[in-house]
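Please open the structure in your viewer and keep the selection tool at hand. The tour below goes from stop to stop, saying at each one what to select and what is found there.

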Amino acid sequence: MNKKLKAVVVGAGWSAEGHTKAFQHYGVEVLAICARKPDIVQKVASGLGVPDASIDWRKSLLEHKPDIVALTTPAILRTEVIELAVELGCHIVCEKPLALNAEAAGHIYSLIKDTGLKHAFAATHLYDPSVAYVRQLLTQEKVIGDLTAVDIGYTRRLPGGPPSDMIKPWNWMSSLAHGGGALNNGLTHRLGMLERMTDMKTVSAVGEAKIYPRKTPVVPEIRDWRVWRSTMITREEASKLEWRECDAEWDYSAFFKLGHPNSGPGNSILVTMRTHPGVPSHKPTGGWFFYGTHGTLVGRGGHILHPITKHIGEEIEELSVPQNLTDDLPQIGDEIQNKWTALVRDFLADIEGHPHEPYLTFHDGWRYQIAIDAIRESKGWATMLDYSEI
């Protein structure tokens, strides 16, 4: 790099750690981590070697005037940070979702789109090597001919479901204001993966979502997602705790239309996407099914597709992800960390004017929020992108 870039990270959770490590890996100096609780931000900043553990993000941005701001807070805090960052001329990375609704997301995009500043939307599972391989199979090798339809589904355990004596405690995933819900999280990843694998854009969306559960018990000491996802408590324990309302969906079903560049509405293909609530032992476990004019390509799993099989007539062939695609993913931690790092790699290359792979931007975050609103409101098809924009 021509000069050492400097960054401030707003937020102190798992994604804040991930972005910080990614920036540091590429030589960016992270000057401050900002969060509301002094003990938490001090612990995170100290652990990552960041000098400023701040409880005032505004003061930190004004004092440090960084080149980059990474926004990893709950979704309720977006616009204020982005307004100041744009005013200071900062490039911005924002975690998903971009906003609480499509109107707010559109406003956020409007703040930065004509400034010349770089902006990245951190739905990062599209960096999985299996996604790159499916893209190669579908768009370069065309192993199943021309794509005609896609069906995506996966099975997940519902909070408070079987076993009946166990229940999931409250977490930010239970709250829309905190950016929770299956749509803000799983859907944003899957739309990014879908568009990367097909070289197409999602044009329209419709669907329906289900809020479940309506209340869950609060375990105050559990704040980290990594701890929460492996935590279940007994119903007897839960009966002694405070219970909090939940307004985020856990289950959804949706249809999407995908369009090719320079093609009209008549050339779109239909995609179905849905969750299968239940226990992991239920079969089939779902996956990604790509239907073509000559066969079907199947990738089992949600964010990592394995195994990948090609079905031509009665013949089934299992395909292995080439090693070079695995080697393309940075290797500095676990698979989640490596994908954050891949996004930062492309983002920094763009800032420096170097060749890079395309990455999701605030425009994509806005489009995805249009789809999310359409599914939650269940009022019919919503247009995410005009064909002239593809």
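In which sense do E16 and strand E17 (residues 308-312) pair, and over how many bridges? Select both strands and you will find that E16 and E17 run antiparallel to each other, with four bridges between them. Please keep in mind throughout that this is a predicted model.

**Around strand E16**

Stay with strand E16, which covers residues 296-300, and colour it by accessibility: four of its five residues are buried, and the strand is mostly covered. To see one point of its pairing with E17, select Leu297, whose bridge partner in E17 is Lys310. Then add strand E15 (residues 286-292), which is antiparallel to E16 and joined to it by five bridges. Within this pair, Trp288 has Gly299 in E16 as its bridge partner, and the hairpin that connects E15 to E16 passes through three residues.

**Strands E9 and E13**

Next select strand E13 (residues 249-259), which is largely enclosed by the rest of the structure, because eight of its 11 residues are buried. Adding strand E9 (residues 201-211) shows an antiparallel pair held over 10 bridges, in which Ala209 stands opposite Tyr252 in E13.

**The six-stranded parallel sheet**

Now move to an open sheet of six strands, which pair in parallel and follow the order E3-E2-E1-E4-E5-E6. At its edges are strand E3 (52-54) and strand E6 (119-122), each of which pairs on one side only. On average, neighbouring strands of this sheet are turned by 15 degrees against each other, if direction is ignored.

Inside the sheet, select strand E1 (residues 6-10) together with strand E2 (residues 29-34), a parallel pair with five bridges; here Val9 has Ile33 in E2 as its bridge partner. Helix H12 packs on the sheet and touches E5 and E6, its direction making about 45 degrees with that of E6. Helix H4 (residues 79-87) lies across E1, strand E4 (68-71) and strand E5 (91-95), and runs at about 175 degrees to E4.

With Val9 and Ile33 still shown, select Thr20, which belongs to helix H1 (residues 14-25). Is Thr20 buried or exposed? Its relative accessibility is 0%, so Thr20 counts as buried. Beyond its neighbours within four places in sequence, Thr20 is in contact with Val9, Val30, Ile33, Leu48 and Val50.

**Two single residues**

Select Asp350 in helix H11 (residues 335-351), a buried residue with a relative accessible area of 17%. Not counting residues up to four places away in sequence, Asp350 touches Lys118, His356 and Tyr359.

For another setting, go to Arg229, in the loop between helix H8 (225-228) and strand E11 (233-234). Arg229 counts as partly exposed, because its relative accessibility is 48%. Leaving aside neighbours within four places in sequence, Arg229 is in contact with Trp14 and Lys168.

**Salt bridges**

The whole structure contains 18 salt bridges, and a few of them make useful stops. Begin with Asp199 and Arg135, whose side chains meet at 3.1 Å, N to O. This pair links distant parts of the chain, 64 residues apart, with Asp199 in the loop between helix H7 (182-198) and E9, and Arg135 in helix H6 (residues 129-140).

Then select Arg274 and Asp151, which form a salt bridge at 2.5 Å, N to O. Arg274 lies in strand E14 (residues 269-277) and Asp151 in strand E7 (residues 147-156), 123 residues apart. Arg274 is partly exposed, with a relative accessible area of 29%, whereas Asp151, at 17%, is buried.

In a further salt bridge, the closest N and O atoms of Glu245 and Lys215 are 3.8 Å apart. Glu245 sits in strand E12 (residues 243-245) and Lys215 in strand E10 (residues 215-217), with their positions 30 residues apart in the chain. Finally, select Glu195, Lys201, Asp364 and Arg367 together, since salt bridges that share partners join these residues into one network.

**Last stop: the surface**

End with Phe255, Leu270 and Trp381, which form a nonpolar surface patch with about 300 Å² of accessible area together. Of these residues, Trp381 lies in the loop between helix H12 (362-377) and strand E19 (382-383), and Trp381 counts as partly exposed, with a relative accessibility of 44%.

Definitions and conventions. Residues numbered from 1 in each chain as written. Predicted model: local features only at pLDDT ≥ 70, side-chain atom pairs only at ≥ 80, totals over all residues. Heavy atoms only, no water. Patch = residues over 30% accessible without salt bridge, like charges linked within 9 Å, V, L, I, M, F, W, Y side chains within 5 Å. Areas by Shrake-Rupley, 256 points an atom, 1.4 Å probe, with all protein chains shown as cover. Salt bridge = Lys/Arg side-chain N within 4 Å of Asp/Glu carboxyl O. Helix = DSSP H or I, 4+ residues; strand = E, 2+ residues; numbered from the N terminus. Buried < 20%, exposed > 50% of the residue type's maximum accessible area, 1.4 Å probe, protein only. Pairing = 2+ DSSP bridges. Axes fitted to C-alpha atoms, helices over the stretch in contact; angles between N-to-C directions. Contact = heavy atoms within 4.5 Å.
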